[in-house]
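Please open the model in your viewer and keep the selection tool at hand. The tour below goes from stop to stop, saying what to select next and what is there.

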Amino acid sequence: MLRDETLSLFCRETCMPKISYIVPDGTRFDVEAENGSTVMENAIRNAVPGIEAECGGACACATCHVYVDDQWAETVGQPEAMEEDMLDFAYEVQPTSRLSCQIIVRDELDGLVVRIPERQA
């Protein structure tokens, strides 16, 4: 097997997508996230400030609100109806606003950048 093919196979089995969280003061938190988990779960596991997640990821509050970086908005996708309803309770909603509990980590999101608002609902 060629070196690049071996590395690619190894990464598919062991490498995890990286997510960057940027808090309001500009501090960046880079974390590795397991596929199938949520952007919110990884923020909580890695003590990223500003993600409160009061409902624990049940899409029943807006305390895990994030702004998806413009270059990632299409890849992440649009919120579904239930999430849109909850975003009505978030502060300073923007076109790329999402609830991080509804963003499922997958390989295509490797390098994702999200910004955390100054306050949560």
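Begin by selecting Asp-88, which in this predicted model sits in the loop that runs between helix H4 (81–87) and strand E4 (97–99). Is Asp-88 buried or exposed? With a relative accessibility of 63%, Asp-88 counts as exposed.

Keep Asp-88 highlighted and add Cys-61 to the selection, since the two, although 27 residues apart in sequence, have C-alpha atoms 9.9 Å apart in space. Cys-61 is buried, its relative accessible area being 12%, whereas Asp-88 is exposed.

With Cys-61 still selected, turn to the cysteines. How many disulfides does the count come to? The count comes to zero disulfides. Cys-61 takes part in none, and the cysteine sulfur nearest to that of Cys-61, which belongs to Cys-55, is 3.6 Å away. As the cut-off for a disulfide is a pair of sulfur atoms within 2.5 Å, the 3.6 Å from Cys-61 to Cys-55 does not qualify.

Select Cys-101 next, together with Cys-64, and look at the two sulfur atoms. Why is Cys-101 without a bond to Cys-64? The closest cysteine sulfur to that of Cys-101 is the one in Cys-64, and because these atoms are 3.8 Å apart, they are too far from each other for a bond. Cys-101, at a relative accessible area of 5%, is buried.

Now show the strands as a cartoon, and follow the open sheet of five strands, whose order is E2-E1-E5-E3-E4 and whose pairing is mixed. The edges of this sheet are formed by E2 and E4, each of which pairs on one side only. On average, and with direction ignored, neighbouring strands of the sheet are turned by 35 degrees against each other.

Stay at the E2 edge of the sheet and look at how E2 runs beside E1, for these two strands pair in the antiparallel sense over five bridges. Within this pairing, select Lys-18, which stands opposite Glu-32 in E2. The side chains of Lys-18 and Glu-32 also meet, forming a salt bridge with an N to O distance of 3.3 Å. This pair links distant parts of the chain, as Lys-18 belongs to strand E1 (residues 18–22) and Glu-32 to strand E2 (residues 28–32), 14 residues apart. Both partners count as partly exposed, Glu-32 at 45% relative accessibility and Lys-18 at 44%.

How many salt bridges does a search of the whole structure find? The search finds five, and two others can be visited now. Select Asp-30 and Arg-28, whose side chains meet in a salt bridge at 3.1 Å, N to O. Asp-30 counts as exposed at 53% relative accessibility, while Arg-28, with a relative accessible area of 46%, is partly exposed.

Move on to Arg-106 and Glu-108, where another salt bridge joins the side chains at 3.4 Å, N to O. Arg-106 is partly exposed, its relative accessible area being 31%.

For the last stop, select Tyr-91 and show its ring together with Arg-119. What lies over the face of Tyr-91? Arg-119 does, at 3.6 Å from the ring centre. If you then look for aromatic rings paired with one another, a search of the whole structure finds zero such pairs.

Key
Residues numbered from 1 in each chain as written. Predicted model: local features only at pLDDT ≥ 70, side-chain atom pairs only at ≥ 80, totals over all residues. Heavy atoms only, no water. Salt bridge = Lys/Arg side-chain N within 4 Å of Asp/Glu carboxyl O. Helix = DSSP H or I, 4+ residues; strand = E, 2+ residues; numbered from the N terminus. Buried < 20%, exposed > 50% of the residue type's maximum accessible area, 1.4 Å probe, protein only. Phe/Tyr/Trp six-rings, centres within 6.5 Å; stacked < 30°, edge-to-face > 60°. Lys NZ or Arg CZ within 6 Å of the ring centre and 35° of its normal. Pairing = 2+ DSSP bridges. Axes fitted to C-alpha atoms, helices over the stretch in contact; angles between N-to-C directions.
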